[in-house]
Amino acid sequence: MRYARRLVAGTLAVGALALSLTGCGDSAEPIERMGRKTVEETPASGSPPPAPSPGDEAYKKWGLTAPVQYAPKPPAKPQLPPVKPGKVPVTDRIPVAGGEKVVFLTFDDGAEKSPEFLKMAADLKLPISMFLTDNIASSDYGHFEKLRDNGSGSTINNHTLTHPNLRTLPFAAQKKEICGQQERLEKRFGTKPQWFRPPYGNYNDDTLKAAAECGISHLVLWRVSMQINNFQYAEGSALKPGDIILAHFRGPAELKGATEIEMTTRMLQRIQEQGFKIGRLEDYL
């Protein structure tokens, strides 16, 4: 019970910090503010991406000095605190066994649709949990389908129809945003998403109820966000085991001239510098 209280408290803290965000889909400002601290299997198989072979030098092509390291699929998923009936659980960090140095990649919105990023993600077999907003990503859902189907075990999840601040909406409107995107993603991709991320990380009790009624199993937040060059941490100044990393599908217009490739390369470099491996979030949650 004490652990559950700590987890809930941490989750609420992240939610509170997220109130300061300027926007993760429609803002010209590229920084997701979290306080003032700066700084070959298909997805259906459930298999983690294969580890690079000793002769695999794809990492050099994408500006890395060493191969990306992946965490193996755990023998069992970590146990999470129970939730009240009729609500979805909220997760912002995975309680990995033994403090394993593993982090997880998530990308939001869907504004940038770079063919080069598709090549990078496929070459490196990056397992990405995507959270797509319909009015931002739907101009080319095929782009994200290719990303899902590149053999990395990436998945497509729900980030609402129009990216509103759900805390400002009544229950019925929140449900329309969440269920509406569930229906559109199921119709387009053939399966209904199991996960949901509220825009800006903002949610309330109605959100948890609406998500449950829409068939969502988890509300997924984050503890670390990738900016243009470096990470921004909700607490401390370094990655912690089980951190869920937030990034965005963004291009030069929102990244002050930097490309999605450059941002992702820097993100992977920071992960490597701190000695972490990348896990497939769906294998742990």
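Hi everyone. Let's start with helix H7, where the buried residues pack against strand S1 (90–91), H6, strand S5 (195–196) and S6. Before I go on, please keep in mind that this is a predicted model.

So which residues of H7 are buried? They are Thr 207, Leu 208, Ala 210 and Ala 211. If you look down the axis of H7, these buried residues fall within an arc of 165°, so they line one face of the helix. It helps to recall the general geometry here. An α-helix has 3.6 residues a turn, so residues three or four places apart point the same way.

Now the two ends of H7. At the N-terminal end, Asn 204 acts as the cap, with a side-chain oxygen 3.1 Å from the backbone nitrogen of Asp 206. On the other side, just after H7, we find Gly 215 with a positive phi of about 90°.

While we are here, have a look at Gln 174, which lies in helix H6. Is Gln 174 buried or exposed? With a relative accessibility of 0%, Gln 174 counts as buried. Its side chain makes a polar contact with the side chain of Thr 207, at 2.5 Å, and Thr 207 is one of the buried residues of H7. Setting aside residues up to four places away in sequence, Gln 174 touches Leu 166, Leu 169, Asn 204, Asp 206, Thr 207 and Ala 210. Among them you will recognise Asn 204, the residue that caps H7.

Next, the disulfide. The count for this model comes to one, and that disulfide joins Cys 179 to Cys 214, with an S to S distance of 1.9 Å. What does the link tie together? Cys 179 lies in helix H6 (residues 171–189), while Cys 214 is in the loop between helix H7 (205–213) and strand S6 (218–220), so the pair connects parts that are 35 residues apart in sequence. The link is left-handed, with -100° about the S-S bond. Both partners are covered: Cys 179 is buried at a relative accessible area of 15%, and Cys 214 counts as buried at 5%.

Let's move to helix H5 (residues 141–148). How many of its eight residues are buried? Six of them are, which makes the helix mostly covered. They are Tyr 141, Gly 142, His 143, Phe 144, Leu 147 and Arg 148. As for what they pack against, the list is helix H3 (115–124), strand S3 (128–132), helix H4 (134–137), strand S4 (155–158) and H6.

Tyr 141 deserves a pause. It is buried, with a relative accessible area of 7%. The side chain of Asp 134 makes a polar contact with the side chain of Tyr 141, at 2.8 Å. Asp 134 is found in helix H4 and is itself buried, with a relative accessible area of 8%. Leaving aside neighbours within four places in sequence, Asp 134 is in contact with Tyr 141, Thr 160, Leu 161, Gln 181 and Arg 184.

That takes us to the aromatics. How many aromatic pairs does the structure hold? There are seven. Take Phe 107 and Phe 249: the ring centres are 5.1 Å apart and the planes are at 40°, so this pair is tilted. Phe 107 sits in strand S2 (residues 102–109) and Phe 249 in the loop between strand S9 (244–248) and helix H8 (260–273), so to speak a link between distant parts of the chain, 142 residues apart. Both Phe 107 and Phe 249 are buried. Our second pair is Tyr 141 with Phe 189, and this one is edge-to-face, with 5.3 Å centre to centre and 70° between the planes. Here too the partners come from distant parts of the chain, Tyr 141 from helix H5 and Phe 189 from helix H6, 48 residues apart. Phe 189 counts as buried at 9% relative accessibility.

Phe 107 and Phe 249 also belong to one aromatic cluster with Phe 117 and Phe 144. Phe 144 is among the buried residues of H5 that we met a moment ago.

Finally, two charges over rings. The charged end of Arg 188 sits over the ring of Phe 189, 5.1 Å from its centre. The charged end of Arg 197 sits over the ring of Phe 131, 4.5 Å from its centre.

Thanks for listening!

Definitions and conventions: Residues numbered from 1 in each chain as written. Predicted model: local features only at pLDDT ≥ 70, side-chain atom pairs only at ≥ 80, totals over all residues. Heavy atoms only, no water. Disulfide = S-S within 2.5 Å. Helix = DSSP H or I, 4+ residues; strand = E, 2+ residues; numbered from the N terminus. Buried < 20%, exposed > 50% of the residue type's maximum accessible area, 1.4 Å probe, protein only. Arc of directions from axis to C-beta. Contact = heavy atoms within 4.5 Å. Polar contact = N/O pair within 3.5 Å; in protein donor to acceptor, adjacent residues only side chain to side chain. Phe/Tyr/Trp six-rings, centres within 6.5 Å; stacked < 30°, edge-to-face > 60°. Lys NZ or Arg CZ within 6 Å of the ring centre and 35° of its normal.
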